[in-house]
Amino acid sequence: MTKKDKTKKDEEEDIDILICARPEELPEVLKKSIWAKCHQCGATVWVSISGQKAMKKSDKLKPFCSQCAFAKVQEAGDETEEIQPVPGALEELRKYISQKKLH
Ligand SMILES: [Zn+2]
């Protein structure tokens with residue numbers, strides 16, 4: 001009987017990706033960001049405020065560093081629609097980075 005195994009596998013695959021920046025990509029602390037560990041590789045990543053809020057709403061949502069998130073998206077190939085980055089989180093990051101570049 002492998003009923004139990006199937007349930008476990010389903011749980012593991014039922015994960016949403018929260019794309020987070022690694023410290024080397026974002027050396028300066030984003031306002032009120034917290035540290036988290038990449039669900040895939042264990043690297044330290046920043047979780048922005050919108051990311052923190054999203055994680056509170058969904059237990060399925062796990063922080064992934066940008067590299068692992070990118071790898072996951074590529075791995076998924078045609079099924080990329082299943083991977084939906086949290087709205088706002090990435091934009092927040094991009095906005096921050098572009099602001100930095102202007103100065
Ligand atoms: Zn990672």
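Mentor: Two strands pair if DSSP finds at least two bridges between them. This model is predicted: local features need pLDDT of at least 70, side-chain atom pairs need 80 or more, and totals for chains, interfaces and linings use all residues. Residues are numbered from 1 along each chain as its sequence is written.

Trainee: In what order do the elements run from the N terminus on?

Mentor: Helices (H or I, at least four residues) and strands (E, at least two) are DSSP runs, numbered from the N terminus. The chain has four of each. Their order is α-β-β-β-α-β-α-α.

Trainee: In which sense do strand 2 and strand 3 pair?

Mentor: Strand 2 covers residues 34-37 and strand 3 covers 44-47. Four bridges join them. The sense is antiparallel.

Trainee: Which residue in strand 3 stands opposite Trp35?

Mentor: Take another bridge first: Ala36 has Val45 as its partner in strand 3. For Trp35, the residue opposite is Trp46.

Trainee: Which residue in the turn of the hairpin has a positive phi?

Mentor: Strand 2 and strand 3 form the hairpin, with six residues between them. The phi in question is about 80°. It belongs to Gly42.

Trainee: Which element gives the largest share of the largest nonpolar core?

Mentor: That core (buried Ala, Val, Leu, Ile, Met, Phe, Trp, Tyr and Cys joined through C-beta atoms within 7 Å) has 14 residues, and Leu18, Val45 and Phe64 are among those with the most contacts inside it. Strand 1 (16-20), strand 3, strand 4 (61-65) and helix 3 (66-76) each supply at least two residues. The largest share, four residues, comes from strand 1.

Trainee: Which residues does Ala69 contact, leaving aside neighbours within four places in sequence?

Mentor: Ala69 is also among the residues with the most contacts inside the core. Contact means C-beta atoms, placed from the backbone, within 7 Å. The partners of Ala69 are Ile17, Ile19 and Phe64.

Trainee: Why is Gln67 classed as partly exposed?

Mentor: Gln67 is found in helix 3. Its class follows from other C-beta atoms within 10 Å (buried at 20 or more, exposed at 12 or fewer, partly exposed in between; C-beta placed from the backbone). Gln67 is partly exposed because its count is 15.

Trainee: How far apart are the C-alpha atoms of Gln67 and Gln40?

Mentor: Along the chain, Gln67 and Gln40 are 27 residues apart. Their C-alpha separation is 9.8 Å.

Note on methods:
Contact = placed C-beta atoms within 7 Å.
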